[in-house]
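Dear colleague,

Please find the structure below, handed over for you to look through at your own pace. After it I have set out what was found, beginning with the interior and moving on to the charged pairs.

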Amino acid sequence: MIRPDITAYRPCVGIMLFNKAGLVWIGRRFEKQNDDGIGKWWQMPQGGIDEGEDIEAAARRELYEETSVTAVSLMKESERWYTYDLPDHLIGQSWKGKYRGQKQKWFAFRFEGKDEDINLVVPGHKQEFDEWRWAKIDELIELIIPFKRKLYEELVQDFRALGA
């Protein structure tokens, strides 16, 4: 059921983490039911902005909570916000029914650490991914869950010059 009464978007940050070779960090979401059946999808770190929180600080916090990574340098902040809508059946269900999707500010960071520094299990935080790897920027669009695909197409276009 489409919910035209829910128009707000959840404020969120997304992080495109590049290694020295220009590859992008992606994590594999745990397998669960989605619009395309049961499957595993890969995505970049993202998460909500706490009320009153600085946006770049939110990006750094989310990156840490999902990867343990803190050794980064800022490469680029997106000039605009990106949005996506949830599938119709999830509007009014996800995020306590308050939002129809997310609006995201994206940051590109250069990873200054070693791969061994990356840890998907961060004490005090819910594990988001069961596996991770580095990917070419053009792979991102095929690996993301379909309802976020348009957003990833825009991101790849806007951040392409930074990657391999």
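**The nonpolar interior**

Leaving aside neighbours within four places in sequence, Tyr152 is in contact with Gln43, Met44, Trp106, Leu140, Ile141 and Ile144. Please keep in mind throughout that this is a predicted model.

Several of these names return when one turns to the largest nonpolar core, which has 25 residues, and in which Met16, Met44, Trp106, Leu140, Tyr152 and Leu155 touch the most other members. Two or more residues of this core are given by each of β1 (9-18), β2, β7, β8, α2 (140-143) and α3, and the largest share, 5 residues, comes from α3. There is also a second core, separate from this one, which is made up of 17 residues and includes Ile15, Leu17, Val69 and Val72.

**The salt bridges**

Over the whole structure, the search finds 15 salt bridges, and a few of them are worth describing one at a time.

In one of them, the side chains of Arg29 and Glu128 meet with an N to O distance of 2.9 Å. Because Arg29 lies in strand β2 (residues 24-29), whereas Glu128 lies in the loop between β8 (101-111) and β9 (129-135), this pair ties together parts that are 99 residues apart in sequence. As for how far the two partners are open to the surroundings, Arg29 has a relative accessibility of 23% and counts as partly exposed, and Glu128, at 23%, counts as partly exposed too.

Another salt bridge joins Asp158 and Arg80, whose closest N and O atoms are 3.7 Å apart. Asp158 belongs to helix α3 (residues 149-159) and Arg80 to strand β7 (residues 72-85), so that here the pair ties together parts that are 78 residues apart in sequence. Asp158 counts as partly exposed at 31% relative accessibility, while Arg80, with a relative accessible area of 35%, is partly exposed as well. Helix α3, which holds Asp158, is also the element that supplies the largest share of the largest nonpolar core.

Which residues are linked in a network of salt bridges? They are Asp50, Glu53, Arg61, Glu62 and Glu65. Within that group, the side chains of Arg61 and Glu53 meet in a salt bridge at 2.8 Å, taken from N to O.

With best wishes

Note on methods:
Residues numbered from 1 in each chain as written. Predicted model: local features only at pLDDT ≥ 70, side-chain atom pairs only at ≥ 80, totals over all residues. Heavy atoms only, no water. Salt bridge = Lys/Arg side-chain N within 4 Å of Asp/Glu carboxyl O. Helix = DSSP H or I, 4+ residues; strand = E, 2+ residues; numbered from the N terminus. Buried < 20%, exposed > 50% of the residue type's maximum accessible area, 1.4 Å probe, protein only. Core = buried A, V, L, I, M, F, W, Y, C linked by side-chain atoms within 4.5 Å. Contact = heavy atoms within 4.5 Å.
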